[in-house]
Each structure stands twice: as C-alpha cells, then as structure tokens.
Amino acid sequence: MSAPDYGVQTVLLTGASSGIGAAFATALAARGADLVLVARRADRLTALAGELRRAHGVRAETVPFDLSRPDAGPALHRAVADRGVTVTSLINNAAVGSFALFADADPARLAAELAVDVAAPVQLTAAFLPGILAAGNGFIVNVAGVSAYLPSPRMAVYSAAKAFVSSFTESLWAELRGTGVTVLAVGPGATATEFTAGMGPDAGVLTSRRLRTPGDVVATALAHLDRRDPGPTVIDGRSNRLALSASRLMTRRRRALMMRRVFAPAQG
Ligand SMILES: NC(=O)c1ccc[n+]([C@@H]2O[C@H](COP(=O)([O-])OP(=O)(O)OC[C@H]3O[C@@H](n4cnc5c(N)ncnc54)[C@H](OP(=O)(O)O)[C@@H]3O)[C@@H](O)[C@H]2O)c1
C-alpha cells in the first residue's frame, strides 16, 4: 500500500471549525486535497474555506451540521450529494467531552457525547464507505485519543467513547486491507485547542501539563499515513507514547487509581 495521492482526494472532515480539525483542513489543502468541512459554527467554516480556496486553489465546501442528530450519517450524505460532491476520504475528528464525576454528570450531556463521539463516526463511516471503496485510493482517519487506552475518572463516558473509536478503527483497518483504503486511529494527548473550554470548572487540570499543538497532531497523522503499509494506530508525541507504554506495565487497579490522582481537581 502506498501513500495517498492527496491531490485526487475529496476529504470530508468533521469538527473543522477549530483545533485539530482546522489544522487537518489546512494541511490537506496545502497537499492539494478538496475538502468538505463539517461542524456547527457556519461562520468559522466559511472563513476557513475561503482562506483555503485563496491560498491553495482547492475546492472547499462547507456543511454546517449538528452531528448529534440521530440520522447524522444519511442526512449528511444527502447534504453532500446535494452539493454534487463525491467523498473519497473521511476524517471523523469532531467530539465533545465533559469533566465531572459520573454521579454528578448531566445525562443529556452524556447522551450528546455518545451521539457525537461514538454514533456519528460509525454512521458517517457506513454512509460514505461505499463511495470511498469505489474510489479505492483514500483513507478513513478517526481521531481517538490517549484516553482510549487509560481509565479516565471524571471523563468515564468520553474515555470509553475513545476506546470504542480505537477498537472500531482497528477492526476496520483489518477488514479494509487490500481495498486501497487506508484506515487509521490517531491518538492525541493533551493538545492546545478549545476542547476543554466547555467541559466544566474543574477541567483546568487537563491543560495544566505541557500541551502539544494541533499542527503536531496533524503532522503525526499525515506522516503515518504517508508510510508504506501503515499500522492501524498512531499516538501523537513521544511523552504520550512513553506514558502509555509505562501504564501497560501496571495492574489495571494501579492504573485506575493513578488516573484518579492525575484527574483530581486542583485544590484551593
Ligand atoms: N484537545 C485535546 O487535548 C485532545 C486530546 C485527545 C483527543 N482529542 C480529540 O481531538 C478531536 C478534535 O478536538 P479538538 O481538541 O480540536 O477540540 P475543539 O477545538 O473543541 O474541536 C472540536 C470540533 O468538534 C466540533 N463539534 C463538536 N460538537 C459537534 C456537533 N454536535 N456537531 C458537529 N460538530 C461538532 C466542533 O465544532 P462546532 O462547535 O462548530 O460544532 C469543533 O470543530 C476530538 O475528537 C477530541 O476528542 C483532543
């Protein structure tokens, strides 16, 4: 399997209005890919699409869309078809999280996390896979996270959602071998984006460490995609990789208790 030819791709990218998604859009446009940018904030998508068209001469469509809709897959597929676009690659990047003890969490918010973080990537993959397979030279990238591999007290549902994304992606990677379609789960660790902004008052603990940049995460993902016969998963950042390797040496009990300390809200 060889590196994707980005110049012939039309990539549908969710969560393109900020953070890692916006960085993916910029890097892919610079490589010549056409884009379909999806998120709720239409103004941000329009501004980014205009910039990318001007800077790189690519086609950049915007689809303001709420991925928590129960019919996200077929509805987004219709919206894209209505614009006369054929998607050849997909990046499921959008997600939401919250930071609170499960006992205190808002059930509606947890339901939205499951809809955006779990159901939408599955539905979008199902909806766009026939076209992606027909093109046969693209990729499906799902953004998981380091928390896919660690228990995350106060982010129990988010972390379990990322574990789902990781497992789903690895199975899909194996299923699609030989089709010409590359499948990859990208695992960022703490990264400087807007992600923690709406996660609740105690979420500051998540950004108290040294942060990677969205550009770092995207560079890691694209370098991996460019490899000959890439594996199903890549973790961004050496210290994240080291931390995960070290955690695998612990018992599950020790690991869960360690993460309880790591995510304990700052005192004072
Ligand atoms: N930042 C980190 O430390 C970190 C660590 C590990 C993994 N990740 C993962 O990285 C990915 C990107 O997150 P980010 O850090 O770049 O955060 P971000 O800046 O908050 O971006 C999240 C994106 O998801 C979109 N989104 C959220 N809810 C949506 C909905 N209902 N419908 C459509 N779009 C929705 C947002 O757009 P709108 O608000 O405009 O809809 C935004 O574009 C996520 O999968 C996240 O889990 C991040």
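Two strands are said to pair if DSSP finds at least two bridges between them. This definition opens the way into the structure above, which is a predicted model. Strand E2 (residues 34–39) and strand E3 (60–64) satisfy it, for they pair in the parallel sense over 5 bridges. Within these two strands, leucine 37 stands opposite threonine 62 in E3.

The pair belongs to a wider arrangement. In general, the strands of a sheet are joined through backbone hydrogen bonds, and the pairing may be parallel or antiparallel. Here the sheet is open and has 7 strands, in the order E3-E2-E1-E4-E5-E6-E7, with parallel pairing. Strand E3 (60–64) and strand E7 (233–235) each have a single partner strand and stand at the edges, so one side of each is left without a neighbour in the sheet. From one strand to the next, the twist averages 15 degrees.

Helices pack on this sheet. Helix H5 touches strand E5 (139–143), strand E6 (182–187) and E7, and the direction of H5 makes about 155 degrees with that of E6. Helix H6 (residues 214–225) also packs on the sheet, where H6 touches E5, E6 and E7; the direction of H6 makes about 150 degrees with that of E6.

The helices also pack on one another. Helix H4 (residues 107–135) and helix H5 (residues 156–175) do so at an angle of about 5 degrees, and their axes are 10 Å apart. Angles under 35 degrees count as roughly parallel, and H4 is therefore roughly parallel to H5. On the H4 side, the residues that meet H5 are Leu110, Glu113, Leu114, Asp117, Val118, Pro121 and Val122. Their counterparts in H5 are Val157, Tyr158, Ala161, Phe164, Val165 and Phe168. Sorted by class, this contact of H4 with H5 comprises 11 nonpolar residues, no polar residues and 2 charged residues.

H4 has a further partner in helix H3 (residues 72–82), and these two helices pack at an angle of about 50 degrees with their axes 7 Å apart. H3 and H4 are therefore oblique to each other, and H3 passes H4 in a right-handed crossing. H3 contributes Ala72, Gly73, Pro74, Leu76 and His77 to the contact, while H4 contributes Ala119, Ala120, Gln123, Leu124, Ala126, Ala127 and Phe128. The contact of H3 with H4 has 9 nonpolar and 3 polar residues, and no charged ones.

A third pair consists of helix H1 (residues 19–30) and helix H2 (residues 42–56), which pack at an angle of about 20 degrees with their axes 10 Å apart. H1 and H2 are therefore roughly parallel to each other, and their crossing is right-handed. Ala22, Ala25, Thr26, Ala29 and Ala30 in H1 meet Leu48, Leu52 and His56 in H2. This contact of H1 with H2 holds 6 nonpolar and 2 polar residues, with no charged residue among them.

H1 leads on to the last feature, the ligand. Which helix supplies the largest share of the shell around the ligand? That share, 3 residues, comes from H1. The ligand is surrounded by 27 residues, of which the closest are Gly15, Gly19, Arg40, Ala95 and Gly145. By class, the shell around the ligand divides into 12 nonpolar, 11 polar and 4 charged residues.

Notes. Residues numbered from 1 in each chain as written. Predicted model: local features only at pLDDT ≥ 70, side-chain atom pairs only at ≥ 80, totals over all residues. Near = placed C-beta within 6 Å. Helix = DSSP H or I, 4+ residues; strand = E, 2+ residues; numbered from the N terminus. Nonpolar A, V, L, I, M, F, W, Y, C, P; charged D, E, K, R; others polar. Axes fitted to C-alpha atoms, helices over the stretch in contact; angles between N-to-C directions. Parallel < 35°, antiparallel > 145°, perpendicular 65-115°, else oblique. Left-handed = near helix turned anticlockwise from the far one by under 90°. Contact = placed C-beta atoms within 7 Å.
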